[in-house]
Amino acid sequence: MPYTGDVPPGGPPDVRTLDALTITKVSVGPMDNNAYLLRCTETGSLLLVDAANEAPRLLSLLDGTPLSTVVTTHRHMDHWVALEAVVAETGARSVAHEADAGELPVTSDTVHDGDIITVGDCPLEVIHLVGHTPGSIALLYDDPTGIHHLFTGDSLFPGGVGNTRGDKANFASLIGDVERKLFDRLPDDTWFYPGHGKDSTLGAERASLPEWHARGW
């Protein structure tokens with residue numbers, strides 16, 4: 001079946017196979033959090049984006065393969081409920097942005113805007129997006145034989161940017177970063193994978209940017 005990115009809570013994962021990277025998306029926990037397991041085709045190395053919840057389900061995706069890294073997109077608890085258990089079971093390295101890492105339940109290596117995190121032979125660029133939290137990040141994989149793939153955490157969803165809880169300064173920061181670092185830089189066919197719910201492309205959302213600015217959320 002072709003990949004759609006539509007994963008019901010508690011349902012089976014959806015798998016997207018690229019030339020050099022396989023992306024497995026699963027929804028976990030009561031808040032329908034997305035977790036993404038990335039597997040390098042050449043080396044078999046594994047990286048998990050957000051150990052959000054249901055550690056046994058996440059560990060079952062590994063199928064006995066060692067997990068090298070867990071990247072947490074931001075500090076909010078629903079994105080790291082399973083982090084401590086997954087790291088304890090696998091010995092994986094925990095990674096987060098410096099501004100959010102101190103809020104996590106495990107000691108984490110810190111990254112900054114523009115840093116590269118690798119999963120095997122596949123580089124993931126860290127993009128710092130300030131507003132949903134101080135240390136929110138997206139991860140960009142530029143497929144050398146295809147499109148860009150962007151893991152946005154809770155900074156960008158189909159229909160708008162992440163929740164800034166009515167804080168005008170945080171909203172201005174977040175939508176400014178999202179517009180400048182994502183929409184102004186990346187092409188319309190860039191596929192993005194959010195922290196909750198269905199995927200989208202930048203092209204499908206681009207025309208709505210003026211509306212998002214005007215409504216303030």
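## Close-up views of a predicted model

Glu54 sits in the loop that links E4 and H1. This is a good place to begin a tour of the chain, which is shown here as a predicted model.

**View 1. Glu54, a loop residue with a positive phi.** The phi angle of Glu54 is near 50 degrees, a positive value in a residue that is not glycine. Is Glu54 buried, partly exposed or exposed? With a relative accessibility of 27%, Glu54 counts as partly exposed, because partly exposed covers the range between under 20% (buried) and over 50% (exposed).

**View 2. Asp32, in the loop between E2 and E3.** Here is another residue other than glycine with a positive phi, in this case near 55 degrees. Asp32 is partly exposed, and its relative accessible area is 23%.

**View 3. The whole chain, for orientation.** Let us step back for a moment. Six helices and 15 strands make up the secondary structure elements of the chain. Its radius of gyration is 16 Å, close to the 17 Å given by the globule rule for 217 residues, so the chain is as compact as a globular protein of that length. The C-alpha trace spans about 50 × 35 × 30 Å along its principal axes. Of the 217 residues, 55% are buried. Among contacts with a separation of 6 or more, 50% join residues 24 or more positions apart.

**View 4. The surface and charges of the chain.** About 9,100 Å² of the chain is exposed, and carbon and sulfur atoms supply 53% of that area. The chain carries 14 positive and 31 negative charges, and the mean positions of these two groups are 5 Å apart.

**View 5. The largest nonpolar core.** In soluble globular proteins, nonpolar side chains tend to be buried together. Which residues of the largest nonpolar core touch the most other members? This core has 24 residues, and those with the most touching members are Leu48, Ala51, Leu58, Leu67, Val70, Leu83 and Val86. At least two residues each come from strand E2 (21-28), strand E3 (33-40), strand E4 (46-49), helix H1 (55-62), strand E5 (67-71) and helix H2 (83-90). With four residues, H1 gives the most to this core.

**View 6. Val86 and its neighbours.** Zooming in on one member of that core, we can follow its contacts. Setting aside residues up to four places away in sequence, Val86 touches Leu48, Ala51, Ala55, Leu58, Leu59, Leu67, Val70 and Gly91. A second core, separate from the largest, has 23 residues, including Tyr3, Val49, Tyr141 and Trp191.

**View 7. Val49, a member of the second core.** Val49 belongs to strand E4. It is buried, with a relative accessible area of 2%. Which residues are in contact with Val49, leaving aside its neighbours within four places in sequence? They are Asn34, Ala35, Tyr36, Leu38, Val71, Thr73 and Leu139. As for Thr73, its C-alpha atom is 7.2 Å from that of Val49, although the two residues are 24 apart in sequence.

**View 8. Pro56, an exposed residue of helix H1.** The relative accessible area of Pro56 is 64%, and the residue is therefore exposed, the cut-off being over 50%. Pro56 and Ala82 are 26 residues apart in sequence, while their C-alpha atoms are 8.8 Å apart in space.

**View 9. Leu174, a buried residue of helix H4.** Helix H4 covers residues 168-183, and Leu174 is found in it. The relative accessibility of Leu174 is 0%, so it counts as buried. Not counting residues up to four places away in sequence, Leu174 touches Leu129, Val130, Gly131, His132, Ser155, Val161, Gly162 and Thr164. Gly162 is 12 residues from Leu174 along the chain, and their C-alpha atoms are separated by 8.0 Å.

**View 10. Thr190, a buried residue in a loop.** Is Thr190 buried or exposed? Thr190 is buried, with a relative accessible area of 0%. Its loop runs between H4 and strand E14 (191-194). Beyond residues up to four places away in sequence, Thr190 touches His148, Leu150, Ser200, Thr201 and Leu202. By contrast with these contacts, the C-alpha atoms of Thr190 and Ala99 are separated by 27 Å, and the two residues are 91 apart along the chain.

Key: Residues are numbered from 1 along each chain as its sequence is written. This is a predicted model: local features need pLDDT of at least 70, side-chain atom pairs count only at pLDDT 80 or more; totals for chains, interfaces and linings use all residues. Side-chain values use heavy atoms; hydrogens and water are left out. The radius of gyration is taken over C-alpha atoms; the globule rule is 2.2 Å times the number of residues to the power 0.38. Buried means under 20% relative accessible area, exposed over 50%, partly exposed in between (1.4 Å probe, protein chains only). Contact means heavy atoms within 4.5 Å. Accessible areas come from the Shrake-Rupley method with a 1.4 Å probe; for residues, only the protein chains shown count as cover. Lys and Arg count as positive and Asp and Glu as negative; His and the chain ends are not counted. The place of a charge is taken as NZ of Lys, CZ of Arg, CG of Asp or CD of Glu. A nonpolar core is a set of buried Ala, Val, Leu, Ile, Met, Phe, Trp, Tyr and Cys residues joined through side-chain atoms within 4.5 Å.
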